[in-house]
Amino acid sequence: MRDARLLAVWCPDWPVVAACTATGTSQHVPVAVLDGNEIVSTSAVARAEGIRRAMRKRMAESMCPELVTFEHDPQRDARFFEPVAAAVEELAPGIEVVQPGLVAVPARGPVGYFKSAEQAAERIVDHIAAQTNVEAQVGVADSLFAATKAAHRNVIVPPNRTAEFLRPLGVHELDAPELVDLLRRLGLKTLGAFADVPENAVASRFGGPATRQHRLARGLPERPLDKRRPAPELAVAETFDDPVDRIDSAAFAAKILSERLHENLANRGLACTRLGIHARTENDEELHRVWRAAEPLTPRGIADRVRWQLDGWLTRERLTSGIRTLTLEPVEVVNGTALQLGLWGHDDERAVRALLHVQGLLGPDGVLTPVLDGGRGPREQVRLAPWGDERVPLRNPDHPWPGRLTRAPATLADDPAELRDAAGDEVGVTGRLELTARPKSLVVKGKTQEVTAWAGPWPVDERWWAPDPHRAARIQVQTPDQAFLLIRRDQRWFLEGVYD
């Protein structure tokens with residue numbers, strides 16, 4: 001059993017730091033990192049200008065015209081974080097990378113060696129600064145979640161005081177937006193208030209994922225510590241004929257080996273939560289790193305971490321030769337059902353194992369699940385994500401998007417259509433958003449149907465600021481048998497969906 005007390009090392013605003021390091025941009029100017037059109041990380045200078053996470057790019061640039069933006073790149077973040085992880089490991093062996101910018105290590109080793117947690121934190125921060133010129137903060141607590149929150153505040157939490165430390169923090173500290181919104185509406189605004197709810201009530205009212213968040217709020221590890229010890233035969237290894245010394249070769253090797261590891265685990269109904277990555281170069285240099293994940297790793301999650309780590313080693317380690325042998329070892333495993341709960345309304349272990357097996361055969365994109373997304377059109381409101389990946393909307397589905405359909409069609413389409421009046425002439429849309437005539441017939445795929453009722457048109461006016469704005473109009477039409485959603489763009493009608 002691992003020592004529960006953990007020391008976390010956190011580098012503030014790491015995506016910004018990595019992007020600035022990669023491009024030579026000064027961190028003394030307002031900088032933001034974007035994922036799509038949404039800000040995911042900002043520099044301190046940008047925050048002073050009012051720029052915040054989750055803000056849209058257009059609004060941020062209107063508030064701060066001199067804002068420098070970069071696209072989110074997890075591989076870049078991991079590549080530039082490897083020297084920081086190596087610097088921490090020089091003073092605290094046995095580190096685990098939680099994500100680029102955050103590592104954890106059992107506190108007993110460094111605290112015992114440096115005589116106190118405060119001295120250990122000071123030495124680690126100074127060593128990182130000397131070796132990499134990067135600012136870091138350290139936190140110590142009785143769980144990874146609490147240690148991370150302590151590192152955000154540069155705090156050493158005394159033993160057995162973790163729950164007390166967490167109590168006044170807001171529920172927004174939990175990485176579960178839907179649950180946080182629900183808790184706030186219920187009046188549970190702090191972690192302490194949430195922790196006071198009985199565990200059985202949380203499980204019955206909110207379900208399994210909320211139970212894990214409840215454990216975090218109470219200062220407990222995200223999972224019980226008595227995990228099974230993975231069997232040695234679960235590990236997978238590959239010896240390459242030609243040593244891997246390029247990033248593209250490393251990415252291919254990571255994908256192939258990750259799929260093998262996932263299939264090994266899936267065949268036993270298991271999933272990995274702590275991944276060991278071992279490499280040996282042609283000159284017998286040994287490299288090793290452990291990645292820790294809060295949720296069980298999907299095939300893509302495994303491949304991403306292996307690729308990031310290989311990129312960091314090949315780019316930053318100045319190896320004298322290419323990688324000859326690569327080994328992936330599941331350091332900690334859980335039941336494969338943890339990958340996704342609530343399938344068809346209940347946890348069906350056989351179905352989960354079957355889907356894991358299908359993913360192992362076809363790859364992560366072989367099994368997809370719908371995610372409700374934001375936007376106006378039906379295609380924007382539903383996105384397919386690989387089964388097991390985090391089902392997080394790219395846009396806020398609850399945002400009152402102007403012109404958004406309140407009821408999306410059951411079947412999506414994109415077929416040419418004709419909407420005609422009683423004389424057989426095409427029905428169009430005027431600049432005042434009025435139909436040029438009363439619709440009488442609809443022609444789709446050569447089949448003509450009588451139009452008995454219609455609603456609309458409604459404008460679709462998007463990207464009005466861009467050189468190529470998207471302007472269209474939608475209309476719903478009813479025939480004796482079905483209802484259809486049509487969109488008019490480029491002076492033509494298209495069938496966009498069919499209602500049940």
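A cavity is a set of grid points where a 1.4 Å probe fits but cannot get out. The model described here is predicted, and it holds two such cavities of 30 Å³ or more.

**The second largest cavity**

The second largest cavity encloses about 60 Å³ of space. Its lining is made up of A78, F81, E82, A85, V97, R289, W291, W308, Q309 and G312. Three elements give two or more residues each to this lining: α4 (74-91), β10 (286-292) and α14 (299-316). Helix α4 supplies the largest share, four residues. By residue class, the lining divides into six nonpolar, two polar and two charged residues.

**Aromatic pairs**

Two of the cavity-lining residues, W291 and W308, also take part in ring pairing. The count of aromatic pairs in the model comes to three; among them are the two in the table.

| Pair | Centre to centre | Angle between planes | Geometry |
|---|---|---|---|
| Y113 and F114 | 5.0 Å | 90° | edge-to-face |
| W291 and W308 | 5.9 Å | 55° | tilted |

What class does the angle of 55° give the pair of W291 and W308? Planes under 30 degrees apart count as stacked and those over 60 as edge-to-face, with the rest tilted; the planes of W291 and W308 stand at 55°, so this pair is tilted. W291 belongs to strand β10 and W308 to helix α14, so the contact ties together parts that are 17 residues apart in sequence. Both tryptophans, W291 and W308, are buried.

The partners in the edge-to-face pair of Y113 and F114 can be set side by side for exposure. Y113 has a relative accessible area of 65% and is therefore exposed, because the exposed class begins over 50%. F114, at 7% relative accessibility, counts as buried, because the limit for that class is under 20%.

**A charge over a ring**

Another aromatic ring, that of F494, has an arginine over its face: R489, at 4.1 Å from the ring centre.

**Helix α7**

How many of the nine residues of helix α7 are buried? Helix α7 spans residues 144-152 and is mostly covered, with eight of its nine residues buried. The buried residues are L144, F145, A146, A147, T148, K149, A150 and A151; the lysine K149 is thus listed among the buried residues of the helix. After α7 comes N154, which has a positive phi, near 55°.

How values were computed
Residues are numbered from 1 along each chain as its sequence is written. This is a predicted model: local features need pLDDT of at least 70, side-chain atom pairs count only at pLDDT 80 or more; totals for chains, interfaces and linings use all residues. Side-chain values use heavy atoms; hydrogens and water are left out. On a 1 Å grid over the protein atoms alone, a cavity is a set of points where a 1.4 Å probe fits but cannot get out, and a pocket is an open set with protein on both sides within 12 Å along at least five of seven lines; lining residues have an atom within 4 Å of a point. Grid points are joined across faces, edges and corners, and a volume is the space filled by probe spheres set on the points. Ala, Val, Leu, Ile, Met, Phe, Trp, Tyr, Cys and Pro count as nonpolar, Asp, Glu, Lys and Arg as charged, and the others, Gly among them, as polar. Rings of Phe, Tyr and Trp (its six-membered ring) pair if their centres lie within 6.5 Å; planes under 30 degrees apart count as stacked, over 60 as edge-to-face and the rest as tilted. Buried means under 20% relative accessible area, exposed over 50%, partly exposed in between (1.4 Å probe, protein chains only). A charge sits over a ring if NZ of Lys or CZ of Arg is within 6 Å of the ring centre and within 35 degrees of the ring normal.
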